[in-house]
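Please walk through the fold of this protein, from its overall make-up to its cores, its helix packing and its sheet.

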Amino acid sequence: MNPGWVALSEKDLPLTLPEVKYYEPTGTGESPLANIDSWVQTKCPKCGGSANRETNTMPGWAGSCWYYLAFALGKKQLNLKAKNAKKFWDWKILKYWFNPVAHQKSGGVDFYVGGIEHAARHLIYARFWHKFLYDLGLVPNKEPFVKLLNQGLILGPDNEKMSKSRGNVVNPDEVIEKYGADSLRMYEMFMGPLEMPKPWDTNGIIGVYRFLSRVWLLAEEMSKRQQNKSAKAINKKTEKSVKQLLHQTIKKVTEDIEAMQFNTAIAGLMEFLNSLTSNKNELSKKSTETYLKTFILLLYPFAPYLSSEVWSKFSRVRIELQAWPKYSRDLVKAEKIVYAVQVNGKLRDTLTVPASSTQAEVIKKALASDKAAKWLDKRKIKKTIFVKDKIINFVI
């Protein structure tokens, strides 16, 4: 007798999978379970005859449809037999992470980052599964994710999507072997806006590698200077300038990380390193070490291995246990502001004025600009558009 496909009865669920030492693919496209004959070969629950278990019961990406919920399990195991939702998993932790009050009306994961190529499967089915679990009373919120950002692809050097057939694949193992994991990690964040596709450029990673090398060399020099007690001249004006730039960098990196603008955060770090390196001989040892340590804390999310190693030169307390740097509101205020002077929307000059300048003072100086006056040429100004700390646009 061959009854065909037979489903297990509910009393036999859940089906316990066998202990498996190795989960390597079979090479035939089958599940690794297909290699375990003692488990595959069984008896038919309907006729008692010989039968084989089905080893491909759902697609490989099915688990990714609800994996984010599994983080709420804590140390407890998922209780598949629980009839009460609060006993199904750690309900208190689940409500904490998916609190609809804390996370807008819908609740769910605050911020989800995923590739656009997953939209047709994972993102659609994750929402479907979540709503199914909500209907069963197993999750406290209707929606799985509050905000989504699709990161752009890293393209090949030929500006095409990487593929073996095109021969434009960049092997990350080879890049790490030559330049280190921090260089690869940081370059990918520095290439451009996160959501945009970006072509690979080996010259770009060389630039990041050199930047990190400069960080290491400066740290080595500062470490040796700790042991040198000879006095040197200190330029108070330079100290103030570098300190102000440091606090501006803290503000920029903090805000850019929250906005997922990693490329501009790294640009800010590079600007500060240039300032610290060029002015190091005019700073006190204490200030130099303080500025460097703060800089390393800011660099840590982008280059964790190098930052940890450098940090160990100055402190025995691990870097990941340090508090994130805070900036002084007084020090982040710019002393001077650069305005773009436009005529009919086209840039004609730039104007540097004290930060305390009023709108009337800025407009007066812009009108007195020789470059702008040439384009105005005694014409009637119909409208003056003033954007504080940014633009003056004369419409003629």
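The secondary structure of this predicted model comes to 15 helices and 10 strands. The protein has 396 residues, and 35% of them are buried. Counting contacts between residues at least 6 apart in sequence, 60% join residues at least 24 apart.

The largest nonpolar core is a suitable place to begin. This core has 45 residues, and those with the most contacts inside it are M186, F211, L292, F295, I296, L299 and F302. At least two of its residues come from each of helix 6 (172-179), helix 7 (181-190), helix 8 (202-225), helix 9 (236-258), helix 10 (262-279), helix 11 (285-299) and helix 12 (304-311). A second core, of 14 residues, lies apart from it; L69, L123, L138 and V139 are among its members.

F302 gives a closer view of the 45-residue core, being among the residues with the most contacts there. Leaving aside residues up to four places away in sequence, F302 touches D182, R185, M186 and M189, as well as V253, I257, F262, A265, I266 and L269.

Helix packing is the next topic. Two packed helices are described by the angle between their axes and the distance between the axes. For helix 8 and helix 12, the angle is about 5° and the axes are 10 Å apart. Angles under 35 degrees count as roughly parallel, so helix 8 is roughly parallel to helix 12. On the helix 8 side the contact is made by L212, V215, W216 and A219, and on the helix 12 side by L306, E309 and V310. Sorted by class, this contact has six nonpolar residues, one charged residue and no polar ones.

The sheet comes next. Strands of a sheet pair through backbone hydrogen bonds, either parallel or antiparallel. Here four strands form an open sheet in the order 8-7-10-9, and the pairing is mixed. Strand 8 (346-354) and strand 9 (383-387) are the edge strands, each pairing on one side only. From one strand to the next, the twist averages 20°.

Strand 7 can be followed in both directions. On one side, eight bridges join strand 7 to strand 8, and the two run antiparallel. In this pairing, I337 has V353 of strand 8 as its bridge partner. Strand 7 and strand 8 form a hairpin with two residues between them, and N344 in the turn has a positive phi of about 55°.

Strand 7 (residues 336-343) is also joined by four bridges to strand 10 (residues 391-395), and these two run parallel. Two of the partners in strand 10 can be named: N393 is the bridge partner of Q342, and F394 is the bridge partner of V343. How enclosed is strand 7 by the rest of the structure? Six of its eight residues are buried, so strand 7 is largely enclosed.

One last residue belongs to another part of the chain. F132 lies in helix 5 (residues 119-135). Is F132 buried or exposed? Its relative accessibility is 48%; buried means under 20% and exposed over 50%, so F132 counts as partly exposed. F132 and K142 are 10 residues apart along the chain, and their C-alpha atoms are separated by 9.4 Å.

Conventions
Residues are numbered from 1 along each chain as its sequence is written. This is a predicted model: local features need pLDDT of at least 70, side-chain atom pairs count only at pLDDT 80 or more; totals for chains, interfaces and linings use all residues. Side-chain values use heavy atoms; hydrogens and water are left out. A nonpolar core is a set of buried Ala, Val, Leu, Ile, Met, Phe, Trp, Tyr and Cys residues joined through side-chain atoms within 4.5 Å. Buried means under 20% relative accessible area, exposed over 50%, partly exposed in between (1.4 Å probe, protein chains only). Contact means heavy atoms within 4.5 Å. Two strands pair if DSSP finds at least two bridges between them. Axes are lines fitted to C-alpha atoms, for helices over the stretch in contact, and angles run from 0 to 180 degrees between N-to-C directions. Angles under 35 degrees count as roughly parallel, over 145 as roughly antiparallel, 65 to 115 as roughly perpendicular and the rest as oblique. Ala, Val, Leu, Ile, Met, Phe, Trp, Tyr, Cys and Pro count as nonpolar, Asp, Glu, Lys and Arg as charged, and the others, Gly among them, as polar.
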